[in-house]
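User: Please take a close look at one part of this model, the largest pocket, and set it against the domains and the other voids around it.

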Amino acid sequence: MPELPEVEVTCRGLRLHLLGRTVVTVRSSGKSLRQPIAEDLIRHCLCAKAIHAVERRAKYILIRFEGKAVLVVHLGMTGKLGVFPRDGEAAKHDHLALSLDNESELRFNDARRFGSVVVWPGDEAEELEQTFLARQGLEPFSAEFTGENLYELARQCRLPIKSFLMDSRRISGIGNIYANETLFAAGIHPLCPANSLSTEQWQDLATCAVRILKQAIAAGGSTISDFLGASGQPGYFQLQLAVYGKKGEECSQCGEEIEKEVIGGRATFFCARCQKRRHQG
DNA sequence: CGGCGCACCTGAGTGC
DNA sequence: TGCACTCAGGTGCGCC
């Protein structure tokens, strides 16, 4: 479900409910996510602590607490983080709940359990965050997300441009939906080798990516099957998708049939007429 | 090191 | 109704 826009929408929703609240109790399902949930450590680090900030880094949600501890959440494919009335019914696949000091509860739900929840204790948080940040790719909304930097990053890399865009160690936040949409907007074929683009083409691609990600955030993200924001609201950007999931439909620009091909193991949608393999700088 | 295939897990959809 | 199979928004491992 969650690429940068969905994670950002979740963060913004959480902020409204969580800032200034204090954690009262912690409980988990006992089921393992990508790693086991360190329930006791989470309880020890977060109970009676106030929430100071909710931030996004790449596709991670960082919830910062009084005393510097940080709860780091990744939504995986089906994860949802939301705030509910404490006495409301638990949903299937709820795996962690932090009850708060106002009768509400922060819940992490994840059917496939590809997500993760980790706590950085206050006395280690700074060091752990440095290590974490060093492993993340370029942030699309940062000043460093420029044609020149992307050109440099891709210089040695012959991967298909689509696989490059989706590589979180190189670029943060762009997954399968937004890689497809960005390449269509930029008129670039997904199999184009990453190192075949000029600085100018990279700049154009960067501009398209940022525009689409911002539009998606404004639409509340994409709800393809089950994404919901922090207050349980769906997104609507799926109504604006140009190619993702549209195999066999007419291209909105030229009327040609949208094609589907598997690239790097992921479904890839494109218009072969609008998206060319070779570009003149 | 680069790039590929696959594993992790559940649920929804399809075809027989 | 049920079974078998495919596919899904992400990441990270082992292997060549």
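Analyst: In this predicted model, the lining of the largest pocket takes at least three residues from each of domain 1 (4–134) and domain 2 (147–270); the domain bounds come from an automatic or database domain assignment. A pocket here is an open set of points on a 1 Å grid over the protein atoms alone, with protein on both sides within 12 Å along at least five of seven lines, whereas a cavity is a set of points where a 1.4 Å probe fits but cannot get out; lining residues have an atom within 4 Å of a point.

The volume of the largest pocket is about 1100 Å³, a volume being the space filled by probe spheres set on the points, which are joined across faces, edges and corners. Its lining has 39 residues, and Pro 2, Lys 59, His 74, Gly 76 and Met 77 lie nearest the centre. Two or more lining residues come from each of β4 (70–74), β8 (116–120), α3 (125–134) and α6 (176–186). Helices (H or I, at least four residues) and strands (E, at least two) are DSSP runs numbered from the N terminus. By class the lining has 17 nonpolar, 14 polar and eight charged residues, where Ala, Val, Leu, Ile, Met, Phe, Trp, Tyr, Cys and Pro count as nonpolar, Asp, Glu, Lys and Arg as charged, and the others, Gly among them, as polar.

The second largest pocket has a volume of about 180 Å³. Domain 1 and domain 2 both give residues to its lining, so this pocket lies between them. Among the lining residues are Lys 80, Leu 81, Arg 107, Leu 228 and Gly 232. β5 (79–85) and β7 (104–110) each supply at least two of them, and β5 gives the most, with four. The classes come out as four nonpolar, four polar and four charged.

As for the domains themselves, their centres, taken over C-alpha atoms, are 28 Å apart. Their contact (heavy atoms within 4.5 Å) takes 17 residues from domain 1 and 18 residues from domain 2. Together they bury about 1500 Å², 64% of it on carbon and sulfur atoms; buried area is the accessible area (1.4 Å probe) that two parts lose on being put together, summed over both. On the domain 1 side, Pro 5, Glu 6 and Val 9 lose the most area to domain 2, together 36% of what that side buries. One salt bridge is counted between the domains, a salt bridge being a side-chain nitrogen of Lys or Arg within 4 Å of a carboxyl oxygen of Asp or Glu. Lys 80, which also lines the second largest pocket, forms a salt bridge with Asp 226, with the closest N and O atoms 3.7 Å apart.

There is one cavity of 30 Å³ or more, with a volume of about 50 Å³. β4, β6 (94–100) and β7 each give two or more residues to its lining, which divides into nine nonpolar, no polar and one charged. Leu 81 and Arg 107 are among the residues that line this cavity, and both also line the second largest pocket.

Residues are numbered from 1 along each chain as its sequence is written, and chains are lettered from A and ligands numbered from 1 in the order in which they are written. Local features need pLDDT of at least 70 and side-chain atom pairs count only at pLDDT 80 or more, while totals for chains, interfaces and linings use all residues; side-chain values use heavy atoms, with hydrogens and water left out.
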